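Here are some exercises to work through with the model open in your viewer. Try each task before you peek at the solution.

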2 protein chains.
Amino acid sequence: MAAVQEPTFFILTALAEEPLHGYGVMQSVSELSAGRLKLRAGTLYAALDRLTDDGLVVVDREEAVDGRLRRYYRLTDDGAAQLQAEVERLRTNASLAAARLRKAGRLRPAPGGAG
Amino acid sequence: MAAVQEPTFFILTALAEEPLHGYGVMQSVSELSAGRLKLRAGTLYAALDRLTDDGLVVVDREEAVDGRLRRYYRLTDDGAAQLQAEVERLRTNASLAAARLRKAGRLRPAPGGAG
DNA sequence: GTCAACGTACCGGCTATCGGTATATGCCGT
DNA sequence: ACGGCATATACCGATAGCCGGTACGTTGAC
C-alpha cells in the first residue's frame, strides 16, 4: 500500500462498516466526504479491481435487484489492518506538519476552534 | 490543491519551519519521516517547480557554497495556508475512517499495545 | 584514479485518477 | 409509446505525480 490516494482511502473507509456494492460505495463516499469527493465510475471499479487483486477487499456476494446485478464488496481483515495503518500514518503526518507550522508561528487558530 | 500526495505534503512540511535548498529538503523529509520516505531527485525538483508555479513556494535566495549552487525555497503564506488545510483534511479523514472501523469492531488496539 | 557525498536537472516509464462513454433495467411524466 | 433520470457495471484515452536512472560538476577520503 504505502500511501494510497484519497479516493482509494475513502473506498476502504466506506467498506469498513459493512459490505457495499459499487454504486453504494460511490454514494457512501460522497456522503462521508460531505459531497467533497465524487468518485468516477472508472476510478471506482478500477480501484475495486486493484484492491481485490491486493487482497484488501473481496467480493462478498452478488444479488439481482430488479434485474440489475449488485456485486457486494467486503473489506478483508488485511484490508482493515491496512486502513488502520493508513489512519495512523495520516495522524502522524498531520501532527508533524502542525508542529512545524507552529514552530514557525504560521499556524493560525482553527476556524471556529479553540486556538 | 485538493489532496496532495505524501511526497509533496512532506516537501511543504519541510519548508514550513524555514527555507531550505533542494538537497536540504531531501534530508529533512527523510528525517521527518524517520527514514520511511526518500525523495528521488526527479520527484523533488519536479514538485518544487510545480509548487512554485502554484505559488505555494518561492525561491528565497541563492548561495554558492564551495562552488556549488544552493537554491533556497521558502513557503509562501498561501503555501502555509494550504498545508494547514491539508492537515485538517488528513485529521478529518483519519477520524472518519477510525470511527467506521470502530463501529464495525475492527479497530484493534495499536500494535505493541494490549493485544 | 576511484569512490562517495553534495547539488541541480532531465528523461522514460508506471500507476492512479479523471472525464467520458457504452450497456441495460425500472420508474416517472407526458 | 417516448424521453429523461436513477441505478449499476465496465471500458477507454488523457493527464498528473512519482519512481528509477542518468548527466554534469565540485570537494574530500583512500
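**Exercise 1. Work out how much area chain A and chain B bury between them, and which residues of chain A lose the most area to chain B.**

Solution. Keep in mind that this is a predicted model.
- Start with the total: the two chains bury about 3500 Å² between them, and 56% of that is on carbon and sulfur atoms.
- Next, look at single residues on the chain A side. Glu17(A), Arg100(A) and Arg106(A) lose the most area to chain B, together 21% of what that side buries.
- Finally, count the partners: 38 residues of chain A are in contact with 38 residues of chain B, taking heavy atoms within 4.5 Å as contact.

**Exercise 2. Find the operation that lays chain A on chain B, and name the relation.**

Solution.
- Superpose the copies: a turn of 180° with a shift of 0.0 Å along the axis does the job, at an RMSD of 0.0 Å.
- That turn and shift are the relation of a two-fold axis.
- Now compare the contact residues. Of those in chain A, 100% recur in chain B, so the same surface serves both copies.

**Exercise 3. Track down the salt bridges between chain A and chain B, then say which helices of chain A supply the touching side.**

Solution.
- Searching the whole structure gives 20 salt bridges over all chains.
- Take Lys103(B) and Glu17(A): they form a salt bridge, with the closest N and O atoms 3.8 Å apart, inside the 4 Å cut-off.
- Lys103(B) sits in helix 4 (residues 77-103) of chain B and Glu17(A) in helix 1 of chain A, so this pair joins two chains.
- Between chain A and chain B, the count is eight salt bridges. Another pair to check is Arg100(A) with Glu17(B), where the closest N and O atoms are 3.0 Å apart.
- Polar contacts across the interface come to 16 residue pairs, both residues at pLDDT 80 or more.
- On to the helices: helix 1 (6-17), helix 2 (22-32) and helix 4 (77-103) of chain A each supply at least two residues of the touching side. Helix 4 of chain A gives the largest share, 19 residues.
- Sort that side of chain A by class and you get 20 nonpolar, seven polar and eleven charged residues.

**Exercise 4. Describe how strand 2 and strand 3 of chain A pair up.**

Solution.
- Strand 2 (residues 57-65) and strand 3 (residues 68-75) of chain A run antiparallel, joined by eight bridges.
- Pick a position: Glu62(A) stands opposite Arg71(A) in strand 3 of chain A.
- Then check the turn. This hairpin has two residues between the strands, and Asp66(A) takes a positive phi near 55°.

Technical notes: Residues are numbered from 1 along each chain as its sequence is written. Chains are lettered from A and ligands numbered from 1 in the order in which they are written. This is a predicted model: local features need pLDDT of at least 70, side-chain atom pairs count only at pLDDT 80 or more; totals for chains, interfaces and linings use all residues. Side-chain values use heavy atoms; hydrogens and water are left out. Two strands pair if DSSP finds at least two bridges between them. Helices (H or I, at least four residues) and strands (E, at least two) are DSSP runs, numbered from the N terminus. Copies are superposed by least squares on the C-alpha atoms of residues with pLDDT of at least 70 in both. Buried area is the accessible area (1.4 Å probe) that two parts lose on being put together, summed over both. A salt bridge is a side-chain nitrogen of Lys or Arg within 4 Å of a carboxyl oxygen of Asp or Glu. A polar contact is a pair of N or O atoms within 3.5 Å; within protein, one must be able to donate a hydrogen and the other to accept it, and residues adjacent in sequence count only if both atoms are side-chain atoms. Ala, Val, Leu, Ile, Met, Phe, Trp, Tyr, Cys and Pro count as nonpolar, Asp, Glu, Lys and Arg as charged, and the others, Gly among them, as polar.
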